[in-house]
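Colleague: I am new to this structure and would like a close look at a single part. Could you take me through the pocket and then a few residues in the helices and the loop?

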Amino acid sequence: MLFLSENATLNKISQMVTERFGVDEEKVTRDLTFQEDLGADSLDVVELIMEMEDVFNIQISDEDAEKIITIGDAVDYIDANK
């Protein structure tokens, strides 16, 4: 069951990353880093975190946001805090 929910979260985040950074969805993996692999600057990351908060209806503290480095980190955090 957890796999299905994680898959849905991963799919949604992949879609958000694809739209925001123009990356092919097939290239979006759990290991992809926002800043190194996607070239996101700190403003891009803040905007993406805010979008995730809206989409998943959660609050992500600044402290927690700093720990979200990869797509997998975001998926794990969201699934743990829904």
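Modeller: Happy to; here is the pocket, followed by three residues.

Please keep in mind that this is a predicted model, in which local features need pLDDT of at least 70, side-chain atom pairs count only at pLDDT 80 or more, and totals for chains, interfaces and linings use all residues. Residues are numbered from 1 along each chain as its sequence is written, and side-chain values use heavy atoms, with hydrogens and water left out.

Rolling a probe the size of a water molecule over the atoms shows where empty space is left. On a 1 Å grid over the protein atoms alone, a pocket is an open set of points where a 1.4 Å probe fits, with protein on both sides within 12 Å along at least five of seven lines. The largest pocket has a volume of about 320 Å³, where volume is the space filled by probe spheres set on the points, and points are joined across faces, edges and corners.

Its lining (residues with an atom within 4 Å of a point) is made of 16 residues, and Val-45, Ile-49, Ala-65, Glu-66 and Ile-68 lie nearest the centre. Helices here are DSSP runs (H or I, at least four residues), numbered from the N terminus. Helix H2 (42-56) and helix H3 (62-66) each supply at least two lining residues, and H2 gives the most, with six. By class, the lining has nine nonpolar, three polar and four charged residues; Ala, Val, Leu, Ile, Met, Phe, Trp, Tyr, Cys and Pro count as nonpolar, Asp, Glu, Lys and Arg as charged, and the others, Gly among them, as polar.

Between H2 and H3 there is a loop, and Asn-57 sits in it. Asn-57 has a positive phi of about 55° although it is not a glycine. With 71% relative accessibility, Asn-57 counts as exposed (over 50%; buried is under 20%, and partly exposed is in between, with a 1.4 Å probe and protein chains only).

Now to helix H1 (residues 2-21), where Thr-9 is found. Thr-9 is buried, at a relative accessible area of 1%. Neighbours within four places in sequence aside, Thr-9 is in contact (heavy atoms within 4.5 Å) with Phe-56, Val-75, Ile-78, Asp-79 and Lys-82.

Arg-20 also lies in helix H1, and is partly exposed at 32%. With neighbours within four places in sequence again left aside, its contacts are Asp-44, Glu-47, Leu-48 and Glu-51.
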